[in-house]
Each structure stands twice: as C-alpha cells, then as structure tokens.
Amino acid sequence: MSKYEFSLRQEVLLEKGASVLGDLFRFKRQHGITDQTDPISVLYGLVWSAKQDILISETETELEQIEGQFNLANRFIAKMEGGLNG
C-alpha cells in the first residue's frame, strides 16, 4: 500500500469514526444517558480513543483493528436500538 493509499484509508476511517461517535452521541441524548459508567458512555470513550489512534497508526494491521472496533460499535448500536424499539 502506497503512502497515499494509507493516508486515504486513514481519512476514510476518521470519517467512519466520526459517524459512529455521532450515532453514539445521539443515542446517549435520546435516552438521557449521563453516567460515565453506562455501557454506551464506555463505548463512546473506546471509539473516541480508537479514532485518535488512526493518526498515529503506522501499519495496515493497526488500521484494520481500528475499523474492526468501529464495526463492532456499529453492531452494538444497532442491537441496542433494535432491542429498545422492538
């Protein structure tokens, strides 16, 4: 992977991370979650940290791990929303 491709992948992951954070923020607001020990708040912190790690990543493997964390967070949100609405 060229430096350009790596940088582009980082940029795409930054956007994906921002999207996940936005979804978590909306969920927290809709459900009045303020407790920092609530699982949604904990997940928000983990996703925030993963997003910060994107810019210091140096390998494709690191980026793949971060993307995996974002994917897991997305699945978690979907299950929470489905469980609460269904």
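**Group meeting: a three-helix model and its nonpolar surface patch**

Leu 8 lies in helix H1, which covers residues 3-30. I begin with this residue and shall return to it after describing the whole chain. Please bear in mind that the structure shown here is a predicted model.

Let me turn to the overall architecture. The protein contains three helices and zero strands, and its pattern along the sequence reads α-α-α. Measuring sticks aside, the extent of the C-alpha trace along its principal axes is about 45 × 25 × 15 Å.

Next, the contacts. Of those contacts in the protein with a separation of 6 or more, 64% are accounted for by residues 24 or more positions apart.

As to burial, the protein has 86 residues, and 29% of them are buried. The exposed area of the protein comes to about 5800 Å², of which carbon and sulfur atoms supply 54%.

On charge, there are 9 positive and 13 negative side chains in the protein. The centres of these two sets are 6 Å apart.

I now return to Leu 8. Which residues join Leu 8 in making a nonpolar surface patch? They are Tyr 4 and Val 12, and the patch made by these residues together with Leu 8 has an area of about 340 Å². Why can Leu 8 be counted in such a patch? Leu 8 has a relative accessible area of 43%, so this residue is partly exposed and passes the requirement of over 30% that applies to patch residues.

To close, the two points I would leave with you are the α-α-α pattern of the chain and the patch of Tyr 4, Leu 8 and Val 12 on its surface.

Notes:
Residues are numbered from 1 along each chain as its sequence is written. This is a predicted model: local features need pLDDT of at least 70, side-chain atom pairs count only at pLDDT 80 or more; totals for chains, interfaces and linings use all residues. Side-chain values use heavy atoms; hydrogens and water are left out. Patches are made of residues with over 30% relative accessible area and no salt bridge: like charges are joined within 9 Å, nonpolar side chains (Val, Leu, Ile, Met, Phe, Trp, Tyr) within 5 Å. Accessible areas come from the Shrake-Rupley method with a 1.4 Å probe; for residues, only the protein chains shown count as cover. A salt bridge is a side-chain nitrogen of Lys or Arg within 4 Å of a carboxyl oxygen of Asp or Glu. Helices (H or I, at least four residues) and strands (E, at least two) are DSSP runs, numbered from the N terminus. Buried means under 20% relative accessible area, exposed over 50%, partly exposed in between (1.4 Å probe, protein chains only). Contact means heavy atoms within 4.5 Å. Lys and Arg count as positive and Asp and Glu as negative; His and the chain ends are not counted. The place of a charge is taken as NZ of Lys, CZ of Arg, CG of Asp or CD of Glu.
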